[in-house]
Amino acid sequence: MSTFTYLITGASRGLGLGYSKALLASDPRIRVVAAARNPSAASDLQALANEEANKGRIHLLQLDVEDKDKVAQAVKELEASGFVENGIDALVLNAGVAAESKYKPSEIEPEHVLANLGVNLFGVLNVTKAFLPLVRQGKGKQIFTVSSVCGSVEEFGKNTVATGYCISKSAVTMWTAKLAAELGPEGFTVIPFHPGYVSTGINGHSGTLTVEEAAAEALKNVFQAAKPELNGSFLRYSGGTVPW
Ligand SMILES: NC(=O)c1ccc[n+]([C@@H]2O[C@H](COP(=O)([O-])OP(=O)(O)OC[C@H]3O[C@@H](n4cnc5c(N)ncnc54)[C@H](OP(=O)(O)O)[C@@H]3O)[C@@H](O)[C@H]2O)c1
């Protein structure tokens with residue numbers, strides 16, 4: 001295999017940082033565009049970029065996924081950097097928020113749902129649309145959406161927790177399935193997946209898995225397992241699929 005370049009959004013901390021670390025450590029041919037809202041303030045990401053083994057293999061990119069103009073600007077900056085002259089092999093749409101989680105389904109207001117959709121759905125659309133030409137140039141042709149079991153009607157439709165967040169994850173899972181239908185005929189592998197219940201900022205560090213554990217599982221069962229036959233499957237970090 002020649003080099004294989006991932007672009008990971010929300011790489012400043014949590015799972016995005018964990019995926020960046022695990023992928024770089026897994027194979028010297030892997031390269032990562034680590035996209036973050038404010039890379040200069042992301043000290044753990046800076047430390048990863050400064051590791052001797054990662055020199056020339058990681059590129060930090062400033063990227064706020066919600067702002068369409070800034071996303072377009074980031075594409076230009078990345079192209080100008082020369083880091084992706086062979087395109088991007090895999091896009092990992094990871095940046096996410098969980099906002100306004102306390103409202104019951106009967107009480108939630110549109111703005112509470114929008115507070116989740118802005119990053120979790122619209123941010124994903126912005127990034128995909130803007131970076132797709134570069135992913136088309138790459139040979140990997142993989143797109144991963146970090147969704148959640150929270151978006152599974154079968155698994156989370158039976159409780160009242162985090163309604164706005166769950167709606168945003170159902171929406172982005174549906175969108176990812178549709179993208180898979182669109183891009184599958186071009187040889188793409190497009191996969192929404194559940195990353196596990198992981199101790200990160202999004203859940204106030206209540207998750208039961210460490211970032212390292214979850215990243216190791218996702219590496220094995222999602223990133224390394226990806227192949228065109230799995231296009232459009234809703235995968236689980238630990239193997240198998242999540243019901244829609
Ligand atoms: N942890 C879990 O148990 C769990 C379970 C299911 C799904 N997920 C999903 O996993 C993904 C990663 O979450 P996490 O657990 O790693 O949470 P986290 O530690 O809170 O990290 C969230 C990441 O998203 C970034 N982000 C937020 N808004 C952004 C924006 N507008 N533009 C660019 N980046 C933005 C944050 O950047 P800043 O540092 O700049 O804020 C941060 O890097 C999310 O999509 C989440 O929904 C997590």
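Reader: What makes up the volume of about 150 Å³ given for the second largest pocket?

Author: In this predicted model, about 150 Å³ of space lies in the second largest pocket. A volume is the space filled by probe spheres set on the grid points, so the value describes space and not protein atoms.

Reader: Why is Cys-150 called a lining residue of the second largest pocket?

Author: A lining residue has an atom within 4 Å of a grid point of the pocket. The second largest pocket has 13 such residues, and Cys-150 is one of them; with Phe-156, Gly-157, Cys-166 and Ser-170, Cys-150 lies nearest the centre. Helix 5 (153-156) and helix 6 each supply at least two residues of this lining, and helix 6 gives the most, with 4 residues.

Reader: How do you know which classes of residue form that lining?

Author: The lining has 7 nonpolar, 6 polar and no charged residues. Asp, Glu, Lys and Arg count as charged, so none of these four types occurs in the lining of the second largest pocket.

Reader: Where does the ligand sit, and what makes that statement hold?

Author: The space taken by the ligand is the largest pocket. A molecule sits in a pocket if more than half of its atoms lie within 2 Å of the grid points, and therefore the ligand meets that condition for the largest pocket. Helix 1 (14-26) and helix 6 (163-183) give two or more residues each to the shell around the ligand. The largest pocket itself holds about 1,000 Å³ of space. Among the 43 residues that line it, Asn-94, Gly-96, Val-97, Thr-200 and Ile-202 are closest to its centre.

Reader: Which element supplies the largest share of the lining of the largest pocket?

Author: Helix 1 does, with 3 residues.

Reader: Why is the pair between Ser-12 and the ligand called a polar contact?

Author: A polar contact is a pair of N or O atoms within 3.5 Å. A polar side-chain atom of Ser-12 lies 2.6 Å from an oxygen atom of the ligand, so the pair falls within the cut-off. Arg-37 also places a polar side-chain atom 2.6 Å from a ligand oxygen. Leu-15, by contrast, contributes a backbone N or O atom, at 2.7 Å from an oxygen atom of the ligand.

Reader: How much of the ligand's accessible area does the protein cover?

Author: The ligand on its own has 890 Å² of accessible area, and the protein covers 93% of it.

Reader: What makes a residue part of the surroundings of the ligand?

Author: One of its heavy atoms must lie within 4 Å of the ligand. The ligand has 27 residues around it, and Ser-12, Arg-13, Arg-37, Tyr-165 and Thr-200 are the closest. By class, the shell has 12 nonpolar, 11 polar and 4 charged residues.

Terms used. Residues are numbered from 1 along each chain as its sequence is written. This is a predicted model: local features need pLDDT of at least 70, side-chain atom pairs count only at pLDDT 80 or more; totals for chains, interfaces and linings use all residues. Side-chain values use heavy atoms; hydrogens and water are left out. A polar contact is a pair of N or O atoms within 3.5 Å; within protein, one must be able to donate a hydrogen and the other to accept it, and residues adjacent in sequence count only if both atoms are side-chain atoms. Accessible areas come from the Shrake-Rupley method with a 1.4 Å probe; for residues, only the protein chains shown count as cover. On a 1 Å grid over the protein atoms alone, a cavity is a set of points where a 1.4 Å probe fits but cannot get out, and a pocket is an open set with protein on both sides within 12 Å along at least five of seven lines; lining residues have an atom within 4 Å of a point.
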